[in-house]
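Biologist: Thanks for joining me! Could you walk me through this model, one question at a time?

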Amino acid sequence: MNKIYKKIFAGFMSPALLCSVLSVSYASNQNSESTSFFTVDAEESSSSVVYSTGFEDGKNDFTGRGGVEVLKIVNNDSFSGTSCLECSNREKGWHGPWISLDNILEPGVEYIVSAKAKAQWYNNISLKLDYTDSSGNRHYIDVLSAVSEGNWIDMSNGKFIIPKNVTNAYLYFECNDTANIYLDDFEIKTAPVHEIQQNIPSLKDIYSSYFKIGGAVTTSELAPKSAQDLIKKHYNSLTPGNELKPESILDHAATIASGSETNPIVDISSAKEILDFCRDNNISVRGHVLVWHSQTPDWFFKEGFSDSGNWVSKEIMLQRMENYIKNVFAALETEYPTVDFYAWDVVNEAWLDNGSPRTGGGQSENPNYSAWVKIFGDNSFIEPAFEFARKYAPDGCKLYYNDFNEYMPDKTTAIVNMANELKEKDLIDGIGMQSHLDVDFPSASAYKKALKAFVDTGLDIQVTELDITTTDLTESGFKKQAQIYNEIMDACEEYADSISAVVFWGTTDDKSWRANKCPLLFNEDFSAKPAYYSIIEGHEIPNPTTPSPEYRKGDIDKDNLLTISDLVLLQKYLLKMYSLDELQYSLADMNSDNKVNVFDWIILKRIIIDL
Ligand code: GLA
């Protein structure tokens, strides 16, 4: 039986408190018809050390990243014990000790690295991850950084993941200049694995009669199984956070090698993990983004596709633009014919808050400048971008203009005017409101005013990058954040006839681009925040405990048979060696108490033995 979610908190609680309360008491009914779904099964497995050295045994697996460094175990002034590693003869800041992870760590698993480090004199020491993706691009990911004033410093709890299908993964230390670097007590352990709360309502189900609910995700964010579970449970739309942006898919070497001045070659392998995941789990994709001033290399706009070339003419750039758009859609069609690319951001962030175009110029001059404006003189590149997208996009793929600060009145007007012109020519389908908000600005009513102005164009609207920051990380800060989320979602529901998707920019707070202001619906441990509960309030909730009619209770492996393998899966789940998806959870809940525990195992065991 469905139920309506009622506000069950006298006030909102801090996430930690909320979790503990939920785990002990929210199994009690909130109304006579309902069985409670508020048991928290976000459980944690402990971590285990996979590599550790204090260099006491005289062994060292680090080598010099620059090839010239001298690494040696020394027996004076170690942090602990008698030995530490000294890296001297560094000729550049990036020279330093690095350790290959290829045979130590598994891709897709989250790890925590800790070390004691020291620079010979005042220096900022960084610990970073270096790997090469399947298209041959090197990535340098910040893990930890701290200042040594010539003393030992603690660099601990740096989380990192090696994505799948990458090679040459290393952790490396570097510092500003050529000071010696010393290391001691270096350790890598697996990060605790948090299970998601399977037994809370799915956002995509709650909002299924209004619009799609989506999220953005990067390859590394998608790597842990819990993140995949969270996405599968709550989102039916996914936006690759970076992986389909021009800088990720333009293949510079292949473009140069082709000798063409007008045909940029693309390689979409950077989006492989995300698009494979969407294909395998039947999740629709928002493509992001074709034409943008940012995250697009300057060489794309220069003669000979060379950073040092002159800016090309408008005529050449139009051909490059057309071929780029054509090549992107062709590659997606060839490699992912079954994936539903239901929306694409054709142009991103072309208007300033005052309603004028950006200043023309390259990213190397100023990240706010636009090379498109540099070449076209103004925003006249927008219309051809939509023309080419219309020409090459697959049927059913809607085309959007997307922007941030979209509620700033002059920007709203500029977007509306542009959208109306493009609509008259049937080039645009919708407007994307990025919606990077803060609890203090803009007000929900100002946001709603802009939403109405966009709705009045008659175009489809998508909320494409929703997150709401708060600097107050106390219980009352999260309560206020929940309130604003509630108001924004209420506004979206009011205009639901014109809105086809609401997309959150991320999964858990710690992975957000604005992580220190905790802007999302889920905590680092994948538990739901007050903001999550605030946006399901008042909604009809499909009862999550009703198993699909296709399977009977206990058929956890969904093979239409009750066998020992169902029991084994349940046992593995209880031992935290296996996680259940939402349907499996309800199938495993033998006594329908909205919890899966040893009592269910006993019931299932009896049934299987009786059979
Ligand atoms: C903008 C872009 C997104 C992303 C965010 C920050 O909103 O449209 O692609 O880069 O900034 O993460």
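Biologist: How do the residues of the shell around the ligand divide into nonpolar, polar and charged?

Modeller: Bear in mind that this is a predicted model. The ligand is surrounded by K245, H288, W292, Q295, N348, E349, Q434, H436, E465, W505 and W513. Sorted by type, that shell comes to 3 nonpolar, 5 polar and 3 charged.

Biologist: What percentage of the ligand's exposed area does the protein bury?

Modeller: Let's begin with the contacts to ligand oxygen atoms: a polar side-chain atom of K245 sits 2.8 Å from one, and one of Q434 sits 2.6 Å from an oxygen of the ligand. For H436, the distance from a polar side-chain atom to a ligand oxygen is 3.0 Å. Taken alone, the ligand exposes 300 Å², and the share of this that the protein buries is 86%.

Biologist: How far apart are the end C-alpha atoms of helix 13?

Modeller: Helix 13 covers residues 475–494, and its buried residues include F478, I484, Y485 and M489. With 20 residues at 1.5 Å a residue, the expected span is 28 Å. The model agrees with that, as the end C-alpha atoms are apart by 29 Å.

Biologist: How many disulfides does the count come to?

Modeller: A disulfide needs two cysteine sulfur atoms within 2.5 Å. C87 is buried at 0% relative accessibility, but its closest cysteine sulfur, in C175, is 8.8 Å away, so that is too far for a bond. C278 is also buried, at 1%, and its closest cysteine sulfur, in C397, is 14 Å away, again too far. By this rule, the count of disulfides is 0.

Key
Residues are numbered from 1 along each chain as its sequence is written. This is a predicted model: local features need pLDDT of at least 70, side-chain atom pairs count only at pLDDT 80 or more; totals for chains, interfaces and linings use all residues. Side-chain values use heavy atoms; hydrogens and water are left out. A residue is near a molecule or strand if one of its heavy atoms lies within 4 Å of it. A polar contact is a pair of N or O atoms within 3.5 Å; within protein, one must be able to donate a hydrogen and the other to accept it, and residues adjacent in sequence count only if both atoms are side-chain atoms. Accessible areas come from the Shrake-Rupley method with a 1.4 Å probe; for residues, only the protein chains shown count as cover. Ala, Val, Leu, Ile, Met, Phe, Trp, Tyr, Cys and Pro count as nonpolar, Asp, Glu, Lys and Arg as charged, and the others, Gly among them, as polar. Helices (H or I, at least four residues) and strands (E, at least two) are DSSP runs, numbered from the N terminus. The expected span of a helix is 1.5 Å times one less than its number of residues. Buried means under 20% relative accessible area, exposed over 50%, partly exposed in between (1.4 Å probe, protein chains only).
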